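This report describes the fold and the pockets of one protein chain. Please consult the sequence and the structure shown here alongside the text.

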Amino acid sequence: MISGVNHITFAVADLERALRFYRDVLGFREVRVWGGGAYLEAGSLWLCLSLDANASGNLDYSHVAFSVPAQQFPALSDRIIESGASLWKPNRSEGESLYFCCPDGHRLELHVGDLRSRLHAMNESPAQCCGAL
């Protein structure tokens, strides 16, 4: 039985650029860096950046959403936007969200809320809760 997410790996074309984004903009903690990649942490999340010349983001609604406390959302959102990250979708779901891409095009989201708040929103307004593309 699956008990949770073990780790997330993103292919990156430029390791230093990716480290600057995930570490310096998003605030991940650098754990280990080697020639072909890096391990970072944010809370209990383990992130692997894997050097890959063929790295490219996805073009569908697939994405990874990172939790952020409501009081930190504005400052982190501003930092992401100021970094030059492109935005890929406006927020149409419950809770504050910022949908952005890392420098390698991986679709990411900052989200204030959790499964319970999402389920509550679905009960209140089913048509507006999960704004896919």
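In the protein chain, 56% of the contacts (heavy atoms within 4.5 Å) with a separation of 6 or more are between residues 24 or more positions apart. The model is predicted, so local features need pLDDT of at least 70 and side-chain atom pairs count only at pLDDT 80 or more, whereas totals for chains, interfaces and linings use all residues. Residues are numbered from 1 along each chain as its sequence is written, and side-chain values use heavy atoms, with hydrogens and water left out.

Confidence is expressed as pLDDT, the predictor's value for each residue from 0 to 100. The mean for the protein chain is 88, and 92% of its residues reach 70 or more. Helix H1 (residues 15-25) has the highest mean pLDDT among the elements, 97, and helix H3 (residues 115-124) the lowest, 82.

Three helices and eight strands make up the secondary structure of the protein chain; these are DSSP runs numbered from the N terminus, with helices (H or I) of at least four residues and strands (E) of at least two. Their order from the N terminus is β-α-β-β-β-β-α-β-β-β-α. The chain is as compact as a globular protein of its length, because its radius of gyration is 15 Å, close to the 14 Å that the globule rule gives for 133 residues. The radius is taken over C-alpha atoms, and the rule is 2.2 Å times the number of residues to the power 0.38. Along the principal axes, the C-alpha atoms fill a box of roughly 50 × 40 × 30 Å. Of the 133 residues, 36% count as buried, that is, under 20% relative accessible area with a 1.4 Å probe, protein chains only.

Two pockets are described below. On a 1 Å grid over the protein atoms alone, a pocket is an open set of points where a 1.4 Å probe fits, with protein on both sides within 12 Å along at least five of seven lines; lining residues have an atom within 4 Å of a point.

| Pocket | Space |
|---|---|
| Largest pocket | About 250 Å³ |
| Second largest pocket | About 180 Å³ |

Among the 15 residues lining the largest pocket, Leu-26, Ser-67, Val-68, Leu-76 and Leu-110 are the closest to its centre. Strand E5 (64-67) and helix H2 (73-82) each supply at least two lining residues, and H2 gives the most, with three. By class, this lining has ten nonpolar, four polar and one charged residues.

The second largest pocket is lined by Val-5, Asn-6, His-7, Ile-8, Ala-42, Ser-44, Leu-45 and Trp-46.

Definitions and conventions: Grid points are joined across faces, edges and corners, and a volume is the space filled by probe spheres set on the points. Ala, Val, Leu, Ile, Met, Phe, Trp, Tyr, Cys and Pro count as nonpolar, Asp, Glu, Lys and Arg as charged, and the others, Gly among them, as polar. Buried means under 20% relative accessible area, exposed over 50%, partly exposed in between (1.4 Å probe, protein chains only).
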